[in-house]
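Work through the exercises below with the sequence and the coordinates open. Each task is followed by a solution in steps.

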Amino acid sequence: MKKLIIYIGMSLITISNLWAQADSVIVQTVNLSLADAISEGLVNNYDIRIAGQNVDISKINNTLENAGMFPTVSSDVAWNHNWSHAMNSNLGTVSPQIKTDFTIFNGFQVWINKSQLEELQHYSEGNAQVVIENTIKDIIVGYFEALLEKQRLEVSEQLATLSKERYDYTISQKELGQAVTYDVLQAQNAWLEDRRTSLDQKNKLQLKLRDLNYIMGVPQEEQTLYNLTETFEAIQKDYILSELLARVNADNSTLKNNYINIIIKQKDVELAKAAYLPSLAGSASLKYTDNYGGAQGIPNFNINGVSGMVGATLSFPIYLGGSRSRSKQIAVINKQIADIETQQMSHSLNNQMMQVYDTYTLQREILELTEEQVTAAQLNLDMSTERYRTGQINSFNLRDVQIQYLDAQNSRLTAIYNLIATNTEIVRLTGGIIDAYSEE
């Protein structure tokens, strides 16, 4: 499994203290870059930690001992004591023993088992890599979702500021006799609505930051307020679909793990075939026996000595009720199922890649349109604000223009986020997300 090393210098994380003058409470705001978030998540994310434990289990199992290579050794002590009232006798035996059983040959099952245990370890490591890739993707998406809400908050606050300026201007006009109470109320309602929108947006940002905390695996008592430092922009790339599909089939971690699963199933077939071969098992023991006793007319006695045994058993399985044949057939079918599942996975991933590519291409065009839309909306807002001040349009016309500006900005921000998320999915599908973000 690829090792991911992300070096995050202490200088990347700075903490600034914001004094809350109302209650003299210090609120810590941590500057959080995308690299910081990924590094934190790779250490604390729950799924990654569980996957790591599963890898440890597979490593523990991957030994020659577990494959059946080495003998088993046991010891026991037997004690028997017989007493007869009629004969007035006591007879006893104490016999400690050490014995071992070992396999000399069992159809190469030891080496097949060891090979399968290695593949199971690779499979577990592959699963861990898939979990890491998915976690990195989730962190990236979660980070930019929060950044999207932050950008939307800035737009809503900008619009609220414009509405406040309009409200103040309308009040001053009323004092000069150039506006009526109705105009003031309209401006006030617009300002209050924009303030409410800004507060709603602030809540959305807080929720997204909490979601990011959870994905990163930050303990609840350690969660803090983040200042996201990444630039909210989409880096557009000119992808070639054929190259992307080739990389999916060669480097996608989920697909590679399916190939390992095929090897594991093939080992099951080999084990089923090995059951048809004869087996040779050996055994040995070393025993010490102590006989003691006594009876009426017979003096007490004590006889002891050491004895040993070495033996071997050669077994030729002839018929076991068809169990070996059934096991072989089932193993072959499971291997065929694994082949079909891998073909299905490859087809699914290729189809998914084509869909993501088409979406990415379309989203690039949408982003260009929304940028033009924002430029036009900004110009229209500036012109309309000036025309409102000169009395050429009324408050309803200006409000419509403000809403259009807000919608245009939100559409542009959404287009940027969609492009970032889609590009992240492309990198994940092609198996390069760890390398792509290990240098962040």
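The exercises concern a predicted model and go from single helices to cores and then to individual residues.

**Exercise 1. Determine which residues of helix α6 are buried, and on which elements they pack.**

Step 1. Helix α6 covers residues 241–251, and its buried residues are Leu 244, Leu 245 and Val 248.
Step 2. Around the helix axis these residues cover an arc of only 100 degrees, which means that they lie on the same side of α6.
Step 3. The spacing fits a general rule: with 3.6 residues a turn, an α-helix has residues three or four places apart pointing the same way.
Step 4. The packing partners of the buried α6 residues are α7 (253–274), α8 (323–389) and α9 (395–429).

**Exercise 2. Classify the relative orientation of α4 and α9, and describe the residues of their contact.**

Step 1. The two helices pack at an angle of about 170 degrees, and their axes are 10 Å apart.
Step 2. Angles over 145 degrees count as roughly antiparallel, so α4 and α9 fall in that class.
Step 3. By residue type, the contact of α4 with α9 consists of 13 nonpolar, 10 polar and eight charged residues.

**Exercise 3. Describe the largest nonpolar core and state which element gives the largest share of it.**

Step 1. The largest nonpolar core contains 53 residues.
Step 2. Ile 136, Tyr 143, Phe 144, Leu 228 and Phe 232 have the most contacts inside this core.
Step 3. Helix α4 supplies the largest share of the core, 13 residues.
Step 4. For Leu 228, leaving aside neighbours within four places in sequence, the contacts are Leu 32, Tyr 143, Ala 146, Leu 147, Lys 150, Leu 209 and Leu 212.
Step 5. Another core, of six residues, lies apart from the largest one; Val 374, Leu 381, Tyr 405 and Ala 408 are among its members.

**Exercise 4. Locate Phe 108 and Gln 109, and decide whether Gln 109 is buried, partly exposed or exposed.**

Step 1. Phe 108 is in the loop between β4 (89–105) and α4 (109–175).
Step 2. The phi angle of Phe 108 is near 65 degrees, a positive value in a residue other than glycine.
Step 3. Gln 109 belongs to helix α4.
Step 4. The relative accessibility of Gln 109 is 24%, so this residue counts as partly exposed.
Step 5. Not counting residues up to four places away in sequence, Gln 109 touches Leu 271, Ala 274 and Ala 275.
Step 6. From Gln 109 to Tyr 360 the C-alpha distance is 51 Å, at a sequence separation of 251 residues.

**Exercise 5. Set out the surroundings of Thr 93 and Ala 284, each in a strand.**

Step 1. Thr 93 is part of strand β4, and its relative accessible area of 23% makes it partly exposed.
Step 2. Leaving aside neighbours within four places in sequence, Thr 93 contacts Ala 78, Trp 79, Asn 80, Thr 289, Asp 290, Asn 291 and Tyr 292.
Step 3. Ala 284 is part of strand β6 (residues 279–295).
Step 4. With neighbours within four places in sequence again left aside, the contacts of Ala 284 are Ile 98, Lys 99, Thr 100, Phe 102, Met 309 and Val 310.
Step 5. Ala 284 and Glu 175 are 109 residues apart in sequence, and their C-alpha atoms are 111 Å apart.

**Exercise 6. For Thr 370 and Asn 45, decide whether each is buried or exposed, and list the contacts.**

Step 1. The cut-off for buried is under 20% relative accessible area.
Step 2. Thr 370, in helix α8, has 6% relative accessibility and therefore counts as buried.
Step 3. Beyond residues up to four places away in sequence, Thr 370 touches Ser 411, Arg 412 and Ala 415.
Step 4. Asn 45 is in the loop between α1 (34–44) and α2 (46–61); with a relative accessible area of 6%, Asn 45 is buried.
Step 5. Leaving aside neighbours within four places in sequence, Asn 45 contacts Glu 40, Thr 135, Ile 215, Met 216 and Gly 217.
Step 6. Asn 45 and Thr 231 are 186 residues apart along the chain, with 25 Å between their C-alpha atoms.

Definitions and conventions:
Residues are numbered from 1 along each chain as its sequence is written. This is a predicted model: local features need pLDDT of at least 70, side-chain atom pairs count only at pLDDT 80 or more; totals for chains, interfaces and linings use all residues. Side-chain values use heavy atoms; hydrogens and water are left out. Buried means under 20% relative accessible area, exposed over 50%, partly exposed in between (1.4 Å probe, protein chains only). Helices (H or I, at least four residues) and strands (E, at least two) are DSSP runs, numbered from the N terminus. The arc is that of the directions from the helix axis to the C-beta atoms. Contact means heavy atoms within 4.5 Å. Axes are lines fitted to C-alpha atoms, for helices over the stretch in contact, and angles run from 0 to 180 degrees between N-to-C directions. Angles under 35 degrees count as roughly parallel, over 145 as roughly antiparallel, 65 to 115 as roughly perpendicular and the rest as oblique. Ala, Val, Leu, Ile, Met, Phe, Trp, Tyr, Cys and Pro count as nonpolar, Asp, Glu, Lys and Arg as charged, and the others, Gly among them, as polar. A nonpolar core is a set of buried Ala, Val, Leu, Ile, Met, Phe, Trp, Tyr and Cys residues joined through side-chain atoms within 4.5 Å.
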